[in-house]
Amino acid sequence: MMFLLEATISGLMAGVMYSLVALGFVLIFKASGVFNFAQGVMALFAGLTLVGLMEKFSLPPWAAIIATIAVMILLAWLIEFLVLRRLVNQAPIILFMATLGLAYVLEGLGDILWGSDVKLLDIGLPQGAVDWLLDDYNLYVERLEVAAAVTAVIMVVVLAVFFQKTRIGRALRAVADDHQAALSVGISLRTIWVIVWSVSGVVALVAGIMWGSKSGVQFSLSLIALKALPVLMLGGFTSIPGAIIGGLIIGVGEKWAEIYMGPIIGGAIENWFAYMLALAFLLVRPQGLFGEKIIERI
Amino acid sequence: MNQTTDQAAADTILSVNNIEVIYNHVILVLKGVSLDVPRGGIVALLGANGAGKTTTLKAISNLLRAERGEVTKGAILFEGNEVTDLTPNDLVTRGCIQVMEGRHCFEHLTVEENLMTGAYTRRDGAAAVKADLELVYSYFPRLRERRKSLAGYTSGGEQQMVAIGRALMSKPKMILLDEPSMGLAPQLVEEIFEIVRKLNEQEGVSILLAEQNTNIALKYSNYGYILESGRVVLDGDAAELRENEDVKEFYLGVAGADRKSFRDVKHYKRRKRWLA
């Protein structure tokens, strides 16, 4: 029983980490209908920049984080100026291809700027197990993962308020619904794109910090984007809470599958379980758990 | 209408001078369209499908560029200032907003949120915006009842009201209204046009109206232009146009005497009338 609880908690925490990456996808998809393939690389790039700034300029963590946020905003502006602006009114598949190219450019840029070796990221996040849980209940829970969970909750609340209650948030949702109409009421697509890519850059930074602190900043970080895909299919591409809950379901599901199905059909279920689950969901509920319903008036 | 004195210029809110529009660098859509909208007037832009009505409106509001269209010749003056190179955002800020054909509501936003997006460019504070929201609801009481519904689930008439109300939220001096009658029941069309007229009279909003429904458009406007394949072929006071034989025959559906082919008659008659 204790074992199951421990596995569940560990699954939830892993899920939060997936959600952090998935969030960045949702933001950009919501506001521009673009599936940003480069989201994972953005997390990697943010992580690399953060470590690089701390090492090369021996900045304290807080200063490096602020500087990295500035870099991510600059990056968003550049992406708008060099890529998105040129592709206004093109089919979504073209924009998707552009983000694919962007992923490679960013990866290369990260390499050139900061080198390609695995880097340790330590910005002073708590490490090790939570003592009292370990002592009193014999439960092993990583402090880092608790920090990630708390960060994720804060981020979701802030983003939800931003999207639902503010003028810019409303404009973001308007652009997501209908580019043309948004233009016609005087919403500047360029401004909106810069904002949304900046926000998603900051989210990528948070994901980069959490994953980087856990397993070092390295190239494989960009591949966690693949794990975010099933999370999105489960939660829905357009829902922020969906990204979180989707992540949790995947995280817990993986652990449970490993425990209960592992012995029966052989191990390593964790690697593919998420994709199977996503496939099943696609068949039953293609818009995901919380995705926007496709409105069709008859 | 075509006086060039300062007095006339001051009373003209929008002036389009001989514009040519090309899509994708090759497709010539407007071949020299000129028109004027007097301040506080309702001007109708009439013509069949593909005549260039929507293109003219988009050229003015500058939504054209997002569709790879371009104004290659001529000038557009709004309140005496050249606006041909501005962004739609600039134009809305200056008080000229387009209500697009086919309504284009934000489907996943509620009716009220839709209206609020119209106030995006405003900088005069939440209180003023709130007051204008009340104003829009007073013109469209039906929208107040449905304010919490997603716009995507409202009826076609309600969506048209949302689209017009949303434009109104930007505190416009001028609205470019594209085909408000599209897909609506005749009764509803009348209702919408009555509200448009009220807006024009009470709020002083000038209106340039593109319509296929010539009958109703001429009923509610002061002046009309008739476009045919990218050119203005006829213009005049709305009352005159309604009595014009050509307009009657080709746009109001009052049949002329024994014509064989619609197109032949049209050309023949027009040549005769213009060249005479």
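## Exercises on two helices and a sheet

What covers the buried residues of helix α3(A) includes α2 (39-56), α4 (92-114) and α9 (189-215) of chain A. The exercises below all refer to a predicted model.

**Exercise 1.** Determine which residues of α3(A) are buried, and check how the span of helix α3 of chain A agrees with its number of residues.

*Solution.* Begin with the cut-off, since a residue counts as buried when its relative accessible area is under 20%. In α3(A), the residues that meet this condition are Ala63(A), Ala64(A), Thr68(A), Met72(A), Leu75(A), Ala76(A), Ile79(A) and Glu80(A). To interpret such a list, recall that an α-helix has 3.6 residues a turn, so residues three or four places apart point the same way. Next, turn to the length: α3(A) runs over residues 61-82, which is 22 residues, and at 1.5 Å a residue these should span 32 Å. The expected span is 1.5 Å times one less than the number of residues. The end C-alpha atoms of α3(A) are 31 Å apart, which agrees.

**Exercise 2.** Work out what the burial of α7(B) says about its surroundings, and repeat the span check for this helix.

*Solution.* First take the burial: 13 of the 13 residues of α7(B) are buried, so this helix is largely enclosed by the rest of the structure. For chain B as a whole, 54% of the 276 residues count as buried. Then take the span: the 13 residues of α7(B), numbered 156-168, should cover 18 Å at 1.5 Å a residue, and the end C-alpha atoms are indeed 18 Å apart.

**Exercise 3.** Describe the six-stranded sheet of chain B, from the order of its strands to the helices that pack on it.

*Solution.* Start with the order, which is β6-β7-β8-β3-β9-β10 in an open sheet with mixed pairing. Now consider the edges, where β6 (96-99) and β10 (231-237) of chain B each have a single partner strand, so one side of each is left without a neighbour in the sheet. From one strand to the next, the twist averages 15°. Looking within the sheet, β7 (residues 174-178) and β8 (residues 206-211) of chain B run parallel and are joined by five bridges; Leu177(B), for example, has Leu209(B) in β8(B) as its bridge partner. Finally, add the helices: α2(B), residues 53-61, packs on the sheet and touches β3, β6, β7, β8 and β9 of chain B, with its direction at about 150° to that of β7(B). Helix α8(B), residues 186-203, also packs on the sheet, touching β3, β7 and β8 of chain B, and its direction makes about 155° with that of β8(B).

Notes. Residues numbered from 1 in each chain as written. Chains lettered and ligands numbered in written order. Predicted model: local features only at pLDDT ≥ 70, side-chain atom pairs only at ≥ 80, totals over all residues. Heavy atoms only, no water. Buried < 20%, exposed > 50% of the residue type's maximum accessible area, 1.4 Å probe, protein only. Helix = DSSP H or I, 4+ residues; strand = E, 2+ residues; numbered from the N terminus. Pairing = 2+ DSSP bridges. Axes fitted to C-alpha atoms, helices over the stretch in contact; angles between N-to-C directions. Contact = heavy atoms within 4.5 Å.
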